[in-house]
Amino acid sequence: GVGSDYKRCHLCNVPKSVVGDDISCIVRHLTKFGQDNRAGLEGSLHRISAIRNREESLIGLTIRVGRHVKGSTFIISDLLHAYPE
């Protein structure tokens, strides 16, 4: 399926259960979560989405790492220039 190409990455050598303190530590370094439950790291292309329970408490995070690849927009440049502002 579509999601089968994605792999999980552990940020330490020993996989461990994430606890509330881990989540709190990460959230302290983020911009404020918006109404769409997304936040970011200032000056980066990374995006963090909040996972909340029914009581709206933060119980997890989905982290997407974004990277700028110079020249990567070339493949869609015709689309970018086809519709002037």
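## Starting at the C-terminal end

Leu79 is exposed, with a relative accessible area of 54%. This leucine belongs to helix 2, which covers residues 77-82. Keep in mind that everything here comes from a predicted model.

Leu79 also has company at the surface: together with Phe74, Ile75 and Ile76, Leu79 makes a nonpolar patch of about 480 Å².

## The chain as a whole

Let's step back for the overall layout. The chain has 2 helices and 3 strands, and reading from the N terminus the elements go α-β-β-β-α. So far we have met helix 2 (residues 77-82); helix 1 takes up residues 20-27.

How much of the chain counts as buried? The figure is 12% of the 85 residues. The accessible surface adds up to about 8,000 Å², and carbon and sulfur atoms own 54% of that. As for contacts, take those between residues at least 6 apart in sequence: 13% of them join residues at least 24 apart.

## The sheet

The strands form an open sheet of 3, in the order 1-2-3, and the pairing is antiparallel. Strand 1 (38-40) and strand 3 (58-64) sit at the edges with a single partner strand each, so each has one side with no neighbour in the sheet. Going from one strand to the next, the twist averages 30°. As a reminder of what holds such an arrangement together, strands of a sheet pair through backbone hydrogen bonds, either parallel or antiparallel.

Now for the two pairings. Strand 1 and strand 2 run antiparallel and are joined by 3 bridges; if you want a pair to look for on screen, Ala39 has Ile48 in strand 2 as its bridge partner. Strand 2 (residues 47-52) pairs with strand 3 over 6 bridges, again in the antiparallel sense. Here a handy pair is Ala50 and its bridge partner in strand 3, Leu61.

## Ser49, in the middle strand

Is Ser49 buried or exposed? Ser49 lies in strand 2 and is buried, with a relative accessible area of 19%. That call rests on the cut-off, because buried means under 20% relative accessible area.

Across the sheet, Ser49 stands opposite Thr62 in strand 3. Leaving out residues up to four places away in sequence, Ser49 touches Phe33, Asn37, Arg38, Gly60, Leu61 and Thr62. Two names on that list turn up elsewhere in this report: Leu61 is the bridge partner of Ala50, and Asn37 gets a closer look below.

## Arg64, at the end of strand 3

Arg64 is found in strand 3, whose residues are 58-64. At 43% relative accessibility, Arg64 counts as partly exposed.

Arg64 also makes a nice sequence-versus-space example with Ile48. The two are 16 residues apart along the chain, yet their C-alpha atoms are 6.3 Å apart. Ile48 is the residue that bridges to Ala39.

## Hairpins and positive phi angles

Two hairpins link the strands, and each has a backbone angle to check. The hairpin of strand 1 and strand 2 has 6 residues between the strands, with Gly43 taking a positive phi near 80°. In the hairpin of strand 2 and strand 3, 5 residues come between the strands, and Glu56 takes a positive phi near 70°.

Why give Glu56 a second glance? Most residues other than glycine have a negative phi. Glu56 is not a glycine, but its phi is positive at about 70°. This glutamate sits in the loop between strand 2 and strand 3 and is exposed, with a relative accessible area of 54%.

Asn37 does something similar: its phi is positive, about 65°, although Asn37 is not a glycine. You'll find Asn37 in the loop between helix 1 and strand 1. With a relative accessible area of 24%, Asn37 is partly exposed, and Asn37 is among the residues that Ser49 touches.

Note on methods:
Residues are numbered from 1 along each chain as its sequence is written. This is a predicted model: local features need pLDDT of at least 70, side-chain atom pairs count only at pLDDT 80 or more; totals for chains, interfaces and linings use all residues. Side-chain values use heavy atoms; hydrogens and water are left out. Two strands pair if DSSP finds at least two bridges between them. Helices (H or I, at least four residues) and strands (E, at least two) are DSSP runs, numbered from the N terminus. Axes are lines fitted to C-alpha atoms, for helices over the stretch in contact, and angles run from 0 to 180 degrees between N-to-C directions. Buried means under 20% relative accessible area, exposed over 50%, partly exposed in between (1.4 Å probe, protein chains only). Contact means heavy atoms within 4.5 Å. Accessible areas come from the Shrake-Rupley method with a 1.4 Å probe; for residues, only the protein chains shown count as cover. Patches are made of residues with over 30% relative accessible area and no salt bridge: like charges are joined within 9 Å, nonpolar side chains (Val, Leu, Ile, Met, Phe, Trp, Tyr) within 5 Å. A salt bridge is a side-chain nitrogen of Lys or Arg within 4 Å of a carboxyl oxygen of Asp or Glu.
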